[in-house]
Amino acid sequence: YAIRSCRKLVKNSPSFRNDIFPIAFLSCWILTKRRSQKEFSGILHDIFETDKQLDPIFLRLAELLLRCGHPLDISCLIIAQACNSPSLALRFLFRHVEENPTDYAALELMLTLNMRMGRIGNSRGILKRINVTMQLQTAGSWYEKLGQWEEALKIYQKMNDNKSLVRCLAKLERWEEVRSMSRLFNEEMTPEEQKENALWFA
């Protein structure tokens, strides 16, 4: 009855509608049967995946339901990918990674968003956590982006990636080791790679 009594005000005030809708929806959602919740979630799933101009109210709704412990039956990764706000996307990604700790795509997206927001410390923490439990194939390049050349070097040594080793050694100014790899420069690098690395061997 309380929700219905707001009907006229909602029609005349879009801002009020946007404020009250998620809360009103939650009060109904809690009482809805599981089957109906799944059916409605399926509709929203398609909206999140296909709508390029998603109404923010759907994201606010998804966030409220998640926060209150009654989430939509939709992967948090799908919702995160639909977010325009990096900080909001990270909230959904964090929940997704908690439930799927080996999802490389989600972890890469978390690193990308943290870097975009300038959260270098967070990115380092995520990368350290990943490498404790598994090996991320792109870990070396992430360490480079974070300026952690020693860590990148260790990764490339394990991978036997000599071309990336040269770049890390140069950044660390370990010139004797760089020069010891001159055979790699002369015999294994393409002309384009030689052009990129010529400075290190000068």
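This dialogue walks through the main features of a predicted model, from its overall make-up to single residues.

Visitor: What should I know about how the model is numbered and filtered before I read it?

Guide: The model is predicted, so to speak of a local feature a pLDDT of at least 70 is needed, and side-chain atom pairs count only at pLDDT 80 or more, whereas totals for chains, interfaces and linings use all residues. Residues are numbered from 1 along each chain as its sequence is written, and side-chain values use heavy atoms, with hydrogens and water left out.

Visitor: Where in the chain is confidence lowest, and where is it highest?

Guide: The score to read is pLDDT, the predictor's confidence in each residue, from 0 to 100. The chain has a mean pLDDT of 84, and 89% of its residues reach 70 or more. Confidence is lowest in helix H1 (residues 7-12), with a mean of 58, and highest in helix H5 (residues 76-82), at 94.

Visitor: How many helices and strands does the chain have?

Guide: Helices (H or I, at least four residues) and strands (E, at least two) are DSSP runs, numbered from the N terminus. By that reading the chain has 14 helices and 0 strands. Contact means heavy atoms within 4.5 Å, and among contacts between residues at least 6 apart in sequence, 42% join residues at least 24 apart.

Visitor: What share of the chain is buried, and which residues touch the most other members of the largest nonpolar core?

Guide: Buried means under 20% relative accessible area, exposed means over 50%, and partly exposed lies in between (1.4 Å probe, protein chains only). Buried residues make up 37% of the 202 residues in the chain. A nonpolar core is a set of buried Ala, Val, Leu, Ile, Met, Phe, Trp, Tyr and Cys residues joined through side-chain atoms within 4.5 Å; in the largest one, which holds 57 residues, Phe48, Leu72, Phe92, Leu93, Leu127 and Val166 touch the most other members.

Visitor: What covers the buried residues of H11, and what does Val166 touch?

Guide: Helix H11 spans residues 162-171, and its buried residues are Ser164, Leu165, Val166, Cys168, Leu169 and Ala170. Their cover includes helix H9 (139-145), H10, H12, helix H13 (182-187) and helix H14 (191-197). Leaving aside residues up to four places away in sequence, Val166 touches Val178, Met181, Leu184, Met189, Asn197, Trp200 and Phe201.

Visitor: Which residues other than glycine have a positive phi, and are they buried or exposed?

Guide: One of them is Asn160, whose phi is near 60°, in the loop between helix H10 (149-159) and helix H11 (162-171); Asn160 counts as exposed because its relative accessible area is 58%. Another is Glu173, with a positive phi of about 60° although it is not a glycine, placed in the loop between H11 and helix H12 (175-179). Glu173 is exposed as well, since its relative accessibility is 58%.

Visitor: Why does the span of helix H4 agree with what is expected?

Guide: The expected span of a helix is 1.5 Å times one less than its number of residues. The 12 residues of H4 (residues 56-67) should therefore span 16 Å, and the end C-alpha atoms are 17 Å apart, which agrees. The buried residues of H4 include Ile57, Leu59, Leu61 and Glu63, and H4 is followed by Gly69, whose phi is positive, near 85°.

Visitor: How many aromatic pairs are there, and why is the pair of Phe25 and Phe40 called tilted?

Guide: Rings of Phe, Tyr and Trp (its six-membered ring) pair if their centres lie within 6.5 Å; planes under 30 degrees apart count as stacked, over 60 as edge-to-face and the rest as tilted. A search of the whole structure finds 4 aromatic pairs. The rings of Phe25 and Phe40 have centres 5.3 Å apart and planes at 35°, so this pair is tilted. The pair links distant parts of the chain, with Phe25 in helix H2 (residues 14-29) and Phe40 in helix H3 (residues 34-50), 15 residues apart. Phe25 is buried because its relative accessibility is 15%, whereas Phe40, at 29%, counts as partly exposed. Ring pairs also link Phe25, Trp29 and Phe40 into a cluster.

Visitor: Is Ser123 buried or exposed, and what does it touch?

Guide: Ser123, in helix H8 (residues 120-133), counts as buried because its relative accessibility is 0%. Not counting residues up to four places away in sequence, Ser123 touches Leu111, Asn114, Met115 and Leu146.
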